[in-house]
Amino acid sequence: GHGMMNSVKQNYVLPTDMPKLSNNANLDLDIELDNNAVAADKMVDALIGSKIKLLILDACRDGPTAKYKSANKGLARMNQADTKGMLIAYATEEGKVAEDGNGKNSTYALSLAKNFSKKELSILVALDNVAQEVEVVTNNKQSPTRAGNLRVDTFLVVNTTPSLSQAISVGSTS
């Protein structure tokens, strides 16, 4: 759903049950976010030690019903020190907001679901497809980005059906 940066450009994801920020929230925004939201840095920390680290942030949306407004629109790009093999994908460019879409899911989430279900696509190719689709659907108002060094040959969905040559070599008794 929603996300924002604090005064020093740290990203936070806002839970749906986060209390409404007070009228003077800009004075206490950093404290309110620390107390009520989830720091994206904590999500990155939770991935450390994993063989493949992928964080997708579709949390910089600012729809008409959003209760949480900030002068700091969108999400900042995160520092990736000591994150070998990490990829962070963002729904849109730094400092911009992503569209909510028409319906239950955002334009970005719909395209992610479509492309990540394709077994033949690596994560990077799927994210390239997502970026192209989102740009077309939003008339270039939203441009998904990513940062990191995840390997090209990483797949989310593995094809578990053996190829014909694998089946022959496994089944041969010569």
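A residue counts as partly exposed when its relative accessible area falls between the buried range, under 20%, and the exposed range, over 50%. By that yardstick Glu 93, at 30%, is partly exposed. The structure discussed here is a predicted model, and the paragraphs below follow its charged pairs, one helix and two buried loop residues.

The charged pairs come first. Side chains of opposite charge can pair when their charged atoms come close. Across the whole structure, a search finds four salt bridges. One of them joins the side chains of Lys 9 and Glu 94, with an N to O distance of 3.3 Å. Lys 9 belongs to the loop between strand E1 (2-5) and strand E2 (11-14), while Glu 94 belongs to the loop between E5 and H3, so this pair ties together parts that lie 85 residues apart in sequence. Lys 9 is exposed, with a relative accessible area of 51%, whereas Glu 94 is partly exposed at 37%.

Glu 93 also takes part in a salt bridge: its side chain meets that of Lys 96 at 3.5 Å, N to O. Lys 96 is partly exposed, with a relative accessible area of 41%, and Glu 93 is likewise partly exposed at 30%.

A further salt bridge, at 3.1 Å from N to O, brings together the side chains of Glu 133 and Lys 114. Here the partners sit in two helices, Glu 133 in H4 and Lys 114 in H3, so the pair ties together parts that are 19 residues apart in sequence. Both ends are partly exposed: Glu 133 has a relative accessible area of 23%, and Lys 114 one of 44%.

Helix H3 also has a buried side to consider. Spanning residues 107-116, this helix has Thr 107, Tyr 108, Ser 111, Leu 112, Asn 115 and Phe 116 as its buried residues. These residues lie on the same side of H3, because they cover an arc of only 140° around the axis. The spacing fits a familiar rule. An α-helix has 3.6 residues a turn, so residues three or four places apart point the same way. The packing partners of the buried H3 residues are strand E4 (53-57), strand E5 (86-90) and helix H4 (123-137). H4 is thus linked to H3 through this packing and also through the salt bridge between Glu 133 and Lys 114.

Two loop residues complete the picture. Met 78 is placed in the loop between E4 and E5. Met 78 counts as buried because its relative accessible area is 12%, below the 20% limit. Beyond its neighbours within four places in sequence, Met 78 contacts Asn 11, Ala 40, Asp 41, Val 44, Leu 57, Ile 88 and Tyr 90. Its C-alpha atom is separated by 8.5 Å from that of Ala 147, which is 69 residues away along the chain.

Thr 92 lies in the loop between E5 and H3, the loop that also holds Glu 94. Thr 92 is buried, with a relative accessible area of 0%. Leaving aside neighbours within four places in sequence, the contacts of Thr 92 are Cys 60, Arg 77, Val 97, Ala 98, Gln 142, Ser 143, Pro 144 and Thr 145. Among these, Ser 143 places its backbone nitrogen 3.5 Å from a polar atom of the Thr 92 side chain. Computed along the sequence, Thr 92 and Lys 141 are 49 residues apart, yet 9.0 Å separates their C-alpha atoms in space.

Terms used
Residues are numbered from 1 along each chain as its sequence is written. This is a predicted model: local features need pLDDT of at least 70, side-chain atom pairs count only at pLDDT 80 or more; totals for chains, interfaces and linings use all residues. Side-chain values use heavy atoms; hydrogens and water are left out. Buried means under 20% relative accessible area, exposed over 50%, partly exposed in between (1.4 Å probe, protein chains only). Helices (H or I, at least four residues) and strands (E, at least two) are DSSP runs, numbered from the N terminus. The arc is that of the directions from the helix axis to the C-beta atoms. Contact means heavy atoms within 4.5 Å. A polar contact is a pair of N or O atoms within 3.5 Å; within protein, one must be able to donate a hydrogen and the other to accept it, and residues adjacent in sequence count only if both atoms are side-chain atoms.
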